[in-house]
Amino acid sequence: MAFTVAMLSWSVIEYDEYIADAGELQHVMEAIKWRTDYFIKAHTSPNVLWAEVCSFGVFIIRFETN
């Protein structure tokens, strides 16, 4: 998801006028905001980030650094 939102954001930077002409700029901005909000909420404290890793199923992993 991080790669997707990075590429989507970069596309808006590079092609904003074309996206706006197509009437999709608001939709793209909402999609970017939803994903960035998700990442912010997954960062529950300074050294904790919750993430999902999918490989033949869904596993919830909690990363901590001390």
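**A walk along helix α1 and beyond**

Ser 11 has a relative accessibility of 30%, so it counts as partly exposed. This is a predicted model, and Ser 11 is a handy place to enter it. The residue sits in helix α1. Leave aside residues up to four places away in sequence, and Ser 11 touches Asp 16 and Ile 19. Val 28 is 17 residues from Ser 11 in sequence, and their C-alpha atoms are 9.7 Å apart in space.

Now step back to the whole chain. The protein chain has 66 residues, and buried residues make up 11% of them. Two helices and two strands are present. Read from the N terminus, the elements run α-α-β-β. The accessible surface is about 5500 Å². Carbon and sulfur atoms own 63% of that surface. Then there are the contacts with a separation of 6 or more. Of these, 20% join residues 24 or more positions apart.

Return to α1, which covers residues 2-21. How far should the 20 residues of α1 span, at 1.5 Å a residue? The expected span is 28 Å. The end C-alpha atoms are 26 Å apart, which agrees. The helix also has a kink of about 95 degrees. Tyr 15 is at the centre of that kink.

Which residues of α1 are buried? Val 5, Val 12 and Ile 19 are. A residue counts as buried when its relative accessible area is under 20%. The buried residues of α1 pack against α2, which runs over 25-42. Ile 19 thus appears twice in this account: it is buried, and it is one of the residues that Ser 11 touches.

Other residues make a nonpolar patch on the surface. Phe 3, Met 7, Trp 10 and Ile 13 form it, and its area is about 490 Å². Is Ile 13 buried or exposed? Ile 13 is exposed, because its relative accessible area is 64% and the cut-off for exposed is over 50%. Ile 13 lies in α1. A general rule helps when reading the numbers of such residues. An α-helix has 3.6 residues a turn, so residues three or four places apart point the same way.

Next, look at the start of α1. Ala 2 lies in this helix. At 48% relative accessibility, Ala 2 counts as partly exposed. Thr 36 is 34 residues away from Ala 2 along the chain, yet 8.7 Å separates their C-alpha atoms. Just after α1 comes Gly 23. Its phi is positive, at about 75 degrees.

Helix α2 brings in charge. How many salt bridges does the structure hold? There is one. In it, the side chain of Asp 37 meets that of Lys 33, with 2.7 Å from N to O. Side chains of opposite charge can pair when their charged atoms come close. Why are Asp 37 and Lys 33 separated by about one helical turn? They are four residues apart in helix α2, and that explains it. Asp 37 has a relative accessible area of 26%, so it is partly exposed.

To retrace the route: α1 has buried residues that pack against α2. It also carries Ile 13, a member of the nonpolar surface patch. Helix α2 holds Asp 37 and Lys 33, whose side chains meet in a salt bridge.

Definitions and conventions: Residues numbered from 1 in each chain as written. Predicted model: local features only at pLDDT ≥ 70, side-chain atom pairs only at ≥ 80, totals over all residues. Heavy atoms only, no water. Patch = residues over 30% accessible without salt bridge, like charges linked within 9 Å, V, L, I, M, F, W, Y side chains within 5 Å. Areas by Shrake-Rupley, 256 points an atom, 1.4 Å probe, with all protein chains shown as cover. Salt bridge = Lys/Arg side-chain N within 4 Å of Asp/Glu carboxyl O. Buried < 20%, exposed > 50% of the residue type's maximum accessible area, 1.4 Å probe, protein only. Expected span 1.5 Å × (residues − 1). Bend = angle between axes of the 7 residues up to and from the residue. Contact = heavy atoms within 4.5 Å.
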